[in-house]
Structures are given as structure tokens and as C-alpha cells.
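Visitor: I'm new to this one, so could you walk me through it and explain the labels as we go?
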Amino acid sequence: TFANPLAEDYVLPDFDNSPILLRSNENPYGPSPLARIAMTKSVNNSNRYGWNLESELISALAKKNNVADNNILLGAGSTEILDLVLQYTALKKGNFIMAETTYNYWTAPCEKLGLKKIKIPLTKDKKHDLTAMLKAIDADTKMIYICNPNNPTGTICDREKLVSFINEATKKVIVFVDEAYIDFTKEQSLSNLVTENKNLIIAKTFSKMYGLAGARIGYAIANPATIEEIGSLKSSANDSVGVVSTAGAIASLQDENFVKQVNSNNEEVKKYTIDQLTQLNLTCIPSYSNFIYFSLENYKKDYFKQLENHNILGTKIYEENGKWTRITIGTMKEMQLFIAALK
Ligand code: PLP
């Protein structure tokens with residue numbers, strides 16, 4: 001049976017007993033206070049389509065990223081943007097290149113779409129091997145995906161090297177840079193390059209720093225011609241994001257205090273967690289994000305059993321060789337419980 005939200009005795013679902021969620025790199029603090037107010041107010045406008053509000057968000061995003069409105073395409077999470085770019089690539093037929101190991105769930109439909117995937121191993125320090133990726137381009141290659149910072153390893157590309165890689169690779173193929181976690185770094189987005197470069201597409205999301213994962217809102221930044229091409233794969237280019245999410249996103253962009261606070265908490269809790277894991281003799285990769293990639297090779301207990309016994313959800317083993325796994329950085333309290341669970 002389903003709870004009837006109109007019933008007098010209806011209570012909101014109780015999340016108090018839910019597990020500690022350290023598996024999907026969500027923001028444990030969000031949505032931001034301003035977003036909560038805006039979203040609550042905008043519930044009253046949910047009887048109307050949100051086209052005007054979407055235009056407002058697009059303008060705000062253009063301003064934030066130093067581009068024009070026609071450089072932006074909204075999506076229901078950056079997943080919709082990833083889907084569209086995959087379809088766009090498939091229309092050109094051939095193959096695409098991505099790292100092994102990187103964020104790859106979104107590529108699941110590639111075989112059905114007739115696209116071949118070429119995987120290029122990361123370097124020893126778990127970074128994108130840009131030289132090898134460039135070399136791997138063949139006559140059939142249509143796109144290269146770079147996740148920067150990389151999920152799950154938390155590493156980042158050297159900006160100068162990445163820019164020269166993009167300049168070289170985009171002579172032949174599309175370079176698709178996923179900046180889902182860029183707000184956790186001091187790096188600037190690559191958005192300033194799209195005006196000159198038709199073959200560069202950037203994906204961004206409100207799911208991580210802005211704490212709106214469940215609201216499903218993200219966007220692409222690209223050259224206007226490219227935005228039009230990707231957008232034309234939808235029946236209506238900017239029509240998949242709800243008014244409540246759009247209002248939340250607009251307010252989030254104004255909540256600079258929240259971003260500062262999340263960043264400072266994340267850094268403090270990251271340091272604590274890496275220190276503790278290191279004391280447990282577990283190797284960690286330096287992280288430019290809100291998660292940590294570490295090796296279970298020296299861990300003597302059953303890691304997943306320990307998490308289960310303490311009602312904590314982590315992820316999986318990504319690389320058998322080295323038993324690497326990823327943990328999301330939650331609140332200090334959550335990470336103290338995580339470390340206690342490991343001990
Ligand atoms: N890109 C990366 C690198 C991610 O880690 C995720 C989610 O975890 C996404 C994209 C998709 O996020 P969303 O669809 O919530 O924007």
C-alpha cells in the first residue's frame with residue numbers, strides 16, 4: 001500500500017533510520033538554504049510550464065560561466081546531457097574513447113546505439129593518460145570523454161596539458177569534458193574555450209556542490225551551433241527540467257555562502273578521512289573532489305561486511321588489481337562513524 005499524501009495522518013517519510021549514504025557523491029548538507037526557500041515557494045507555480053524561469057536560469061548560467069545564453073542547454077541532471085552527447089556521437093557512427101577507470105554508467109546504451117568504446121588505462125597515479133588517448137584516435141573515432149576531476153579516482157588533469165590536448169584532439173573529434181566535480185577544486189571551468197571551439201562540449205551539474213541531486217538539473221556548455229545540434233535531439237530543447245528544480249538552481253547560484261561552507265567542510269572532512277585511512281595503512285589517492293579513492297589491499301577484514309554491519313552504504317571494487325574503492329565524503333560525524341566501522 002502507498003501512503004496517501006492527502007490523508008490527515010500523513011507524515012513525511014522518516015529518513016532517520018536510513019543508512020549513511022556514502023555511495024553516490026551527493027552533498028550531505030544541501031540543498032542550500034536559499035534553494036529550499038525558492039523551491040518551497042515555487043511549488044505554487046507547478047501548474048504552469050516553466051519556460052520563463054528556464055530562460056532566467058540559462059541567463060544566470062551564461063553569466064556565471066562567461067558565455068552567452070545560446071551556449072547553454074539545460075538537462076534533467078547532467079545525465080540527460082551525457083545521454084544526448086552519446087546519441088549525437090552515435091549518429092556519426094564509429095567509436096569513442098574514454099579512460100579505464102572513469103564514470104561510465106551513462107555509456108551503457110552505446111552498443112545498442114552501434115557505438116564502439118575504446119578504453120585507455122589511467123596512468124600509475126590514476127590520472128587520465130592524455131598522450132595515450134590522443135594516440136588512440138583512429139579514422140572511426142568521433143568523441144573522447146574526459147571526466148575532470150575524474151570519478152572515481154578524484155584526480156585532475158593539469159590545465160595546460162588538458163588545453164593543449166583539447167586543441168589537438170578537437171581538430172579531429174569532439175572532446176566531451178565532464179565537470180561534475182569542478183566546483184570542489186580551485187580550477188576554472190573550460191567554458192571559456194567553447195566560443196572558439198565547436199568540438200568542445202562541457203557537462204555540468206547541480207547534483208554535487210549545489211546539493212540538488214534529487215531535483216535532477218544539469219547543463220551543457222558548447223558552441224551555439226553544437227548546442228543547437230545536441231538540443232535538436234530533444235522534441236523541445238529546454239523542456240525537461242521542472243519549475244521547482246529550476247527555481248532551486250537559480251537560488252543556488254546566488255547562495256555563495258553555502259558553496260563556501262560546503263567547500264570548507266569538505267576539505268576539513270577530507271583531510272580527517274585521508275589521515276585516518278592512512279593510519280590504517282590504506283593508500284589514498286589525493287582527491288580534488290568530494291570523494292576519496294583508496295586501496296583495500298592492506299585491509300584485513302571484510303570491508304563490505306563492516307559497512308553493512310554499521311548501516312553504511314559505500315560503492316564497489318573498481319579495480320581488482322589493487323582492490324581500489326571509493327567513498328563519498330559525508331559530514332564529519334558520518335566519516336567518524338565510517339572510520340569506526342573500519343576499525
Ligand atoms: N558525471 C559524473 C562524473 C558523475 O559522477 C555523475 C553522478 O554521479 C554524473 C555525471 C551524473 O549526475 P547528474 O545526472 O545527477 O547530474
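Guide: Happy to. Let's begin with Y219: at a relative accessibility of 3% it falls under the 20% cut-off, so it is called buried. Keep in mind that this is a predicted model.

Visitor: And what makes F206 buried?
Guide: The reasoning is the same kind: F206 has a relative accessible area of 1%, and buried means under 20%, so F206 is buried.

Visitor: Why is the pair of F206 and Y219 called tilted?
Guide: Their ring centres are 6.0 Å apart, which is within the 6.5 Å needed for a pair, and their planes meet at 45 degrees, neither under 30 nor over 60, so the pair is tilted. F206 sits in the loop between β7 (200-205) and β8 (218-222), while Y219 is in strand β8, 13 residues apart, so this pair links distant parts of the chain.

Visitor: How many aromatic pairs are there in the whole structure?
Guide: A search turns up 15 of them. Take W106 and Y145: the centres are 4.7 Å apart and the planes are at 55 degrees, so this pair is tilted. W106 lies in the loop between β3 (94-100) and β4 (115-121), and Y145 belongs to strand β5 (residues 141-147), so the pair ties together parts that are 39 residues apart in sequence. Both W106 and Y145 are buried. Elsewhere, F294, Y299, Y303, F304 and F338 make up one aromatic cluster.

Visitor: How do you know that R326 lies over the face of F291?
Guide: R326 is 5.8 Å from the ring centre of F291, and the limit for that distance is 6 Å. The direction counts as well, with a limit of 35 degrees from the ring normal.

Visitor: What puts the buried residues of α5 on the same side?
Guide: In helix α5 (residues 159-169), the buried ones are L162, V163, F165, I166 and A169. They cover an arc of only 160 degrees around the axis, so they share one side of α5. On the other side of α5, E160 and K161 are exposed. There's a general pattern behind this: an α-helix has 3.6 residues a turn, so residues three or four places apart point the same way.

Visitor: Which residues come nearest to the ligand?
Guide: Of the 14 residues around the ligand, those are T79, D178, Y181, T205 and S207.

Visitor: What makes the approach of Y181 a polar contact?
Guide: An N or O atom in the side chain of Y181 is 2.6 Å from an oxygen atom of the ligand, and the cut-off is 3.5 Å. The side chains of two other residues also bring a polar atom to a ligand oxygen: N151 at 2.8 Å and R216 at 2.7 Å. Taken alone, the ligand exposes 400 Å², and the protein buries 93% of that.

Visitor: Why is R216 called partly exposed?
Guide: Its relative accessibility is 32%, which lies between 20% and 50%, so R216 counts as partly exposed. R216 is in the loop between β7 and β8, and has a positive phi of about 60 degrees although it is not a glycine.

Visitor: What makes that worth pointing out?
Guide: Most residues other than glycine have a negative phi, and most peptide bonds are trans. N281 also has a positive phi, of about 70 degrees, without being a glycine.

Visitor: Which residues does a cis peptide bond join?
Guide: One such bond joins N148 and P149, with omega about -5 degrees. Another joins N151 and P152, where omega is about 15 degrees. P149 is in the loop between β5 and α5, and P152 is found in the loop between β5 and α5 too.

Notes. Residues are numbered from 1 along each chain as its sequence is written. This is a predicted model: local features need pLDDT of at least 70, side-chain atom pairs count only at pLDDT 80 or more; totals for chains, interfaces and linings use all residues. Side-chain values use heavy atoms; hydrogens and water are left out. Helices (H or I, at least four residues) and strands (E, at least two) are DSSP runs, numbered from the N terminus. Buried means under 20% relative accessible area, exposed over 50%, partly exposed in between (1.4 Å probe, protein chains only). A residue is near a molecule or strand if one of its heavy atoms lies within 4 Å of it. A polar contact is a pair of N or O atoms within 3.5 Å; within protein, one must be able to donate a hydrogen and the other to accept it, and residues adjacent in sequence count only if both atoms are side-chain atoms. Accessible areas come from the Shrake-Rupley method with a 1.4 Å probe; for residues, only the protein chains shown count as cover. The arc is that of the directions from the helix axis to the C-beta atoms.
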